[in-house]
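Thank you all for coming; I would like to walk you slowly through one structure today. Please keep the sequence and the model in view while I talk.

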Amino acid sequence: MNHKKTISLSPIIKALLPKRLYKKRFLLQDKGHDNHISIAKDARIIGNSTITIRKGHDNQITIGQGGKFNQLKIDINGNHNQVTIGEQVKFSGQLLVVGNHLHIYIGHHTTAIDCYILARDKSVTIGQSCMISRGIEIRATDVHKVYDIDTNARVNKAHTDVILGDHIWIAANVTISKNVSIASGCIIAAGAFVNKPVETPNCMIAGTPAKIIRQNVRWER
């Protein structure tokens, strides 16, 4: 059984109705063309949630079954990008993609109270069954460029995607920076700034910058 519905707006409709109410309080604004939005029929979307495609084409947004979204804001500026939200996801926050051929992926059963995710320069992947608290920033870029005065080489370039494994608990007010990967089962303590990969699974990470403070731990909701 097909539980998804695709929105396809003609250029004439787009010109007349740049904003369209979709499913209760969900607002869609698509200023590009040939973009595809697939939302499961049973997804609950409330609280002035929006999808904005500022420009571009061949972007794909997919929201899976059983999700609950409050003030979800998806914003895309570019071409050939993907935003994919898995099944049974609960999410509040902003997903922002700037550039081309980038993606944001959120795995099944992941929850987030207040999370800002930016895919610019590189992509962001979050695994399944993660628990993300409020005041979280996950950024695959520094946005602003910093150069060495002598060599003129950029010193803060994003080299790799941000990848979070499965069953990760991110406590309040955590920032995860570019070039970071975090192994499955980890706990990120409140207020941490993670700017380096964490390859050890099932560990506790804390501090600014963050470091491993305990290993061989597990957590439950």
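**The chain as a whole**

The chain exposes about 11600 Å², and carbon and sulfur atoms supply 49% of that area. Before going further, I should say that what you are looking at is a predicted model, and that the chain averages a pLDDT of 90, with 88% of the residues scoring at least 70. Over residues 12-19, however, the pLDDT is below 50, and beyond near neighbours in sequence this stretch has 10 contacts in the model.

In terms of secondary structure, the chain has one helix and 23 strands. Of the 221 residues in the chain, buried residues make up 44%. If we take the contacts with a separation of 6 or more, residues 24 or more positions apart account for 23% of them.

**Two strands with alternating side chains**

Let me turn to the strands, beginning with a general point. In a regular strand, the side chains alternate between the two faces of the sheet.

Strand S11, which covers residues 103-106, is an example: Ile104 and Ile106 point to one face and are buried, while His103 and Tyr105 point to the other face and are not buried. Which strands pair with S11? On the one hand there is strand S9, residues 82-85, which pairs with S11 in the parallel sense over four bridges, and here Val83 stands opposite Ile104. On the other hand there is strand S13, residues 124-126, which pairs with S11 in the parallel sense over three bridges, and in S13 the bridge partner of Ile104 is Val124. Ile104, then, is a buried residue of S11 with a partner in S9, namely Val83, and another in S13, namely Val124.

Further along the chain, strand S15, residues 136-139, can be read in a similar way: Ile136 and Ile138 point to one face and are buried, whereas Glu137 and Arg139 point to the other and are not. Strand S12, which runs over residues 111-120, pairs with S15 in the parallel sense over four bridges, and the residue of S15 that serves as bridge partner to Ile117 is Ile138. S15 also pairs with strand S18, residues 175-176, again in the parallel sense and over two bridges, and in S18 the partner of Ile138 is Ile176.

**Some details in the loops**

I would like to finish with three places in the loops where the backbone deserves a careful look.

Asp34 lies in the loop between strand S3 (26-30) and strand S4 (36-40), and its phi is near 55 degrees, a positive value in a residue other than glycine. Is Asp34 buried or exposed? Since the cut-off for exposed is over 50% relative accessible area, Asp34 counts as exposed because its relative accessibility is 52%.

Asn48, in the loop between strand S5 (44-46) and strand S6 (50-55), also has a positive phi, near 60 degrees, and Asn48 too is a residue other than glycine. With a relative accessibility of 53%, Asn48 therefore counts as exposed.

The last place is Pro209, which is found in the loop between strand S22 (203-206) and strand S23 (211-215). The peptide bond that leads from Thr208 to Pro209 is cis, with omega near -5 degrees.

Methods
Residues are numbered from 1 along each chain as its sequence is written. This is a predicted model: local features need pLDDT of at least 70, side-chain atom pairs count only at pLDDT 80 or more; totals for chains, interfaces and linings use all residues. Side-chain values use heavy atoms; hydrogens and water are left out. Buried means under 20% relative accessible area, exposed over 50%, partly exposed in between (1.4 Å probe, protein chains only). Two strands pair if DSSP finds at least two bridges between them. pLDDT is the predictor's confidence in each residue, from 0 to 100. Contact means heavy atoms within 4.5 Å. Accessible areas come from the Shrake-Rupley method with a 1.4 Å probe; for residues, only the protein chains shown count as cover.
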